[in-house]
Amino acid sequence: MQDLVSFYRDIDPETRAVMVQTLRIIAILVLAWILQVAAARLIRLFRSYMSRRTGGDEVARIETLARVFRNSAVIVIFLVAGTLVLGELGISVAPILATAGVAGVAIGFGAQSLIKDFLGGFFLLLDDQVREGDVVEVAGLSGLVEEVTLRYVRLRNFEGHVHFIPNGEIKTVTNRTRGFAHAVIDAGVAYRESPEEGLAVMAEVARSMRADPLWRDLLPEELELIGVEKWADSAVILRARLKVVPPIQQWNVRREFLKRLKKALEERGIEIPFPHVTVYAGVGKDGTAPAFHYAPARGPDEATSAKI
């Protein structure tokens with residue numbers, strides 16, 4: 001130790017200053033590396049903890065958030081360490097910061113839509129609004145979510161078409177498959193039929209579905225009868241709904257219910273109406289309805305002579 005102290009004292013001031021400056025730079029770089037390793041370790045622990053607490057469908061969201069946090073930490077540590085190293089080298093960082101500020105403003109104006117997409121995607125993931133495998137409606141388009149990134153959401157609709165929607169364009173998210181869903185059933189019966197009888201048939205169909213091993217696990221609750229929804233042109237519309245879990249099966253449940261309901265209504269002789277037109281000829285003063293005059297179709301020769 002005394003030899004090192006003696007050696008340090010014998011060094012000329014300029015060399016001593018260079019050594020001190022070099023040691024400081026090394027210390028800054030080592031500290032930056034330690035901070036980066038510690039940040040990566042904390043992010044991995046956070047990812048593992050959240051993966052254990054949540055289901056498998058959120059793993060992709062957690063992975064994306066962890067990647068964003070890790071990259072952000074690396075950028076911040078790199079910028080701070082670089083600024084300190086430049087300061088040790090005697091390079092003034094004020095002009096660099098001023099230039100970076102001007103460049104940042106220019107880039108911000110040119111790429112504000114891209115920044116908007118990234119910010120929108122970050123909060124979309126952070127708030128857990130959309131997951132892969134959900135059926136959603138965003139920006140006027142609906143479909144199955146295949147991928148969620150910081151830049152866009154990728155949907156595939158029922159026809160197989162793929163939509164790429166920038167996150168900055170998403171104002172409202174309608175998630176149709178979160179938690180549970182209701183399969184809403186609207187069934188029309190003729191005006192001459194009893195609404196109570198129609199609702200009773202709907203309840204019977206629901207009970208048969210809940211007794212079926214193929215469907216009972218999807219229907220945790222009894223059918224909820226809403227009642228008469230409206231008077232249509234040719235039918236009285238009856239409404240009911242079934243709670244469906246998992247919610248992505250709501251469309252299959254509705255199709256199966258309507259198929260069984262049609263068969264049940266036909267078996268009980270309840271008319272399923274269709275659009276038709278009733279011709280009313282009026283009533284005479286004596287209370288009798290005038291007869292309709294039927295003109296048979298004329299042949300081609302007769303039609304030609306009539307024109308002449």
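1. I26 lies in helix α2, which covers residues 13-53. In this predicted model, the residue has a relative accessibility of 45% and is therefore classed as partly exposed, since that class falls between the limits of 20% for buried and 50% for exposed residues.

2. I26 also belongs to a nonpolar patch on the surface. The other contributors are L23, V30, W33, I34 and V37, and the patch has an area of about 580 Å².

3. A second site of interest is G133. This glycine is located in the loop that links α5 (112-126) to β1 (135-138). Its relative accessible area is 35%, so G133 is likewise partly exposed.

4. Which residues does G133 contact, once neighbours within four places in sequence are left aside? They are L144, V145 and I248. For V145, which is 12 residues from G133 along the chain, the C-alpha to C-alpha separation is 5.2 Å.

5. As to the overall architecture, the protein contains 8 helices and 8 strands. Among contacts in the protein with a separation of 6 or more, 61% are between residues 24 or more positions apart.

6. With regard to solvent exposure, buried residues constitute 28% of the 308 residues in the protein. The exposed area of the protein is about 20,800 Å², and 61% of this area is supplied by carbon and sulfur atoms.

Conventions:
Residues are numbered from 1 along each chain as its sequence is written. This is a predicted model: local features need pLDDT of at least 70, side-chain atom pairs count only at pLDDT 80 or more; totals for chains, interfaces and linings use all residues. Side-chain values use heavy atoms; hydrogens and water are left out. Patches are made of residues with over 30% relative accessible area and no salt bridge: like charges are joined within 9 Å, nonpolar side chains (Val, Leu, Ile, Met, Phe, Trp, Tyr) within 5 Å. Accessible areas come from the Shrake-Rupley method with a 1.4 Å probe; for residues, only the protein chains shown count as cover. A salt bridge is a side-chain nitrogen of Lys or Arg within 4 Å of a carboxyl oxygen of Asp or Glu. Helices (H or I, at least four residues) and strands (E, at least two) are DSSP runs, numbered from the N terminus. Buried means under 20% relative accessible area, exposed over 50%, partly exposed in between (1.4 Å probe, protein chains only). Contact means heavy atoms within 4.5 Å.
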